[in-house]
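User: Could you take a close look at one part of this model and then set it beside another packing arrangement in the chain?

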Amino acid sequence: MKSRLYYVDRLRIFAFAILLLYHSSAPFLPDMNWLIHSDKTSATLSLVMDFPRAWRLALLFFVSGMGAAFTFGSASSLSFLRKRTMRLLIPLLFAMAVIVVPQVWYERMYEDGYQGSLLEFWITRYFTEGRYPKGNFTWAHMWFVAYLLVMSVICYPIFGYLVQPGNKIAAWFERTSKTGFIYFFFLLPLALNLALSPFFPKQTNALYNDGAWFAVWASWFGLGFLIARHHSALIETIISRRFVSAAIALATTVLLYRYAWMVPADQAIGSYAQNTPLFKAGIFLLAWSMILTLVGFAAHHFNRESARLSGLNRLVFPLYIVHQTVTVAALYYVLPLDLPVTVSFSIITAATILLSALFAFCVDFVPGPARILFGLSGRDSRTAAAGEPDRQLSR
């Protein structure tokens, strides 16, 4: 029997909602130097955002890994790569060539005093002055999509090996995940990151020099794939342990606030700026326990069909594609008003959500093949998730 996992759709929407909220706050965080940064910052807002900052991307890659499992047919099928390339590469290239351009234009006007029009900037400067930040050409927030595409290609033979009948590694994973040892899987991204950090010391989101963090995101992606692939065998265990997972997440959060986020830098065990091994262990444990908590509660309470859910899930990808451009544009017009941080943050957040949602709603009416530019499938597949076919698993 086939059964759609509606809770995965809800997790996906939740993950992107956290992303929008975080990006709206980034200009006001004192320890960040975002695209357009406010002179007025908020230590309180920074403390609040320290918590989702630890696990928001891990959740996104994990849910994406689950989506990959639902589209991965067999070890010998290349349709997986074809579908992933069509759904990720085309929107990536289109966004880099068109959607991202205004955010760099706004940044150059705000930070550098550029006075040319958007069209002039696009034609004469965007493609010709090299890579951002020294130049202008960039994939900006679409690095996430680029990483997913590369992960799909790299992981394809690995996934093909793991799904073979009788695979011992997959059997070990399923067996281990039914015990308390499931909480130790955060050691995989931690070990890979620590091993690669001497060669790739900084997180860059540039792919070619970001090996240590690419390994982290690929680990969450792979764990999502494995959990989804063994869903029928593991989900009841994850649900039954959801309060244990929440307790671990809570305890880890308290420790991180006590020894990292709320203490002076010279007394902290580490920070997002100073990623010590101990700090990485803390945020990776928090990320994994939060993922298990959210999966457990969502699967137990929110695995039900909804017409509104179908529409939101379909439009979340085009909303993601445009959201950062909307945020930067809003910042350009709001920051000169010199409003209090809470007011500016509220306006930026509201503008990002409403205008991005309006954009996604409008592009849903784009006809024919052009829909794929925005990560949408054909209009005969409107119930499918944006960028993903229906999430179905044999149960």
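Analyst: Buried residues have under 20% relative accessible area and exposed ones over 50%, with partly exposed in between (1.4 Å probe, protein chains only). The model is predicted, with local features needing pLDDT of at least 70 and side-chain atom pairs 80 or more, while totals for chains, interfaces and linings use all residues. Residues are numbered from 1 along each chain as its sequence is written, and side-chain values use heavy atoms, without hydrogens or water.

In helix α2, residues 43-53 (helices being DSSP runs of H or I, at least four residues, numbered from the N terminus), the buried residues are Leu45, Ser46, Met49, Asp50, Pro52 and Arg53. Viewed down the axis of α2, these buried residues lie within an arc of 165° (taken from the directions from the axis to the C-beta atoms), so they line one face of the helix. Ala43 and Thr44 are exposed on the face of α2 turned away from the buried side. The buried residues of α2 pack, with heavy atoms within 4.5 Å, against α1 (6-25), α3 (56-71), α12 (242-261) and α15 (341-363).

Elsewhere, helix α8 (residues 168-177) packs with helix α11 (residues 231-240) at about 20°, their axes 9 Å apart (lines fitted to C-alpha atoms over the stretch in contact, with angles from 0 to 180 degrees between N-to-C directions). The two helices α8 and α11 are therefore roughly parallel, a term for angles under 35 degrees. Phe173, Glu174 and Ser177 of α8 make this contact with Ala233, Leu234 and Thr237 of α11.

Technical notes: Parallel < 35°, antiparallel > 145°, perpendicular 65-115°, else oblique.
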